[in-house]
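Welcome! Here is a short tour of a protein chain, starting with the whole and moving on to its strands and surface.

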Amino acid sequence: MLLRDACERLGAAAAQVPPDIDVTTELLEDYPTPRLVAESRHARLVVVGDRGLGGLAGLPVGSVAITLAAHADCPVVVVRGEEPG
C-alpha cells in the first residue's frame, strides 16, 4: 500500500496546479517505461521523479527517467527530491 499512498499524495499535489493546466495521473502496475514512452506521443510534457523504489543508489537518476528522456516524443522533466539529512 505504500506505493498507492504515495501516488495518491502526488495526485493531490498535482491537483493544486492552475486550472488551465491539464494534469492527469495514473497508477501503473506494470513496468512504466514502455507505457510512458507511448503516452509521450500524445503529451506536451512528461514529468517524472528522479528515483523509483529499486535500482542502484549511486545513480543520480533512475533507469525510467534515463530511458524516457532518451525515447520520449515530447520534453521530459526529471524532478529531484530533497537531499537526505
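A residue counts as buried when its relative accessible area is under 20%. By that cut-off, 14% of the 85 residues in the protein chain are buried. Please keep in mind that this is a predicted model.

**The chain as a whole**
- The protein chain has three helices and two strands.
- Read from the N terminus, these elements follow the order α-α-β-α-β.
- About 6800 Å² of the protein chain is exposed, and carbon and sulfur atoms supply 58% of that area.
- Among contacts with a separation of 6 or more, 59% are between residues 24 or more positions apart.

**The two strands**
- Strand 1 covers residues 46–49 and runs parallel to strand 2, residues 76–79.
- Four bridges join strand 1 to strand 2.
- Opposite Val46 stands Val76 of strand 2.
- In a regular strand, side chains alternate between the two faces of the sheet.
- Which residues of strand 1 lie on its covered face? They are Val46 and Val48, while Val47 and Gly49 make up the uncovered face.

**A nonpolar patch on the surface**
- Val47 of the uncovered face joins Leu45, Val77 and Val79 in a nonpolar surface patch.
- Together, the four residues of this patch have about 310 Å² of accessible area.
- Where is Leu45 found? Leu45 sits in the loop between helix 2 (32–40) and strand 1.
- Leu45 counts as partly exposed because its relative accessible area is 46%, and the partly exposed class lies between the 20% and 50% cut-offs.

Note on methods: Residues numbered from 1 in each chain as written. Predicted model: local features only at pLDDT ≥ 70, side-chain atom pairs only at ≥ 80, totals over all residues. Heavy atoms only, no water. Buried < 20%, exposed > 50% of the residue type's maximum accessible area, 1.4 Å probe, protein only. Pairing = 2+ DSSP bridges. Patch = residues over 30% accessible without salt bridge, like charges linked within 9 Å, V, L, I, M, F, W, Y side chains within 5 Å. Areas by Shrake-Rupley, 256 points an atom, 1.4 Å probe, with all protein chains shown as cover. Salt bridge = Lys/Arg side-chain N within 4 Å of Asp/Glu carboxyl O. Contact = heavy atoms within 4.5 Å.
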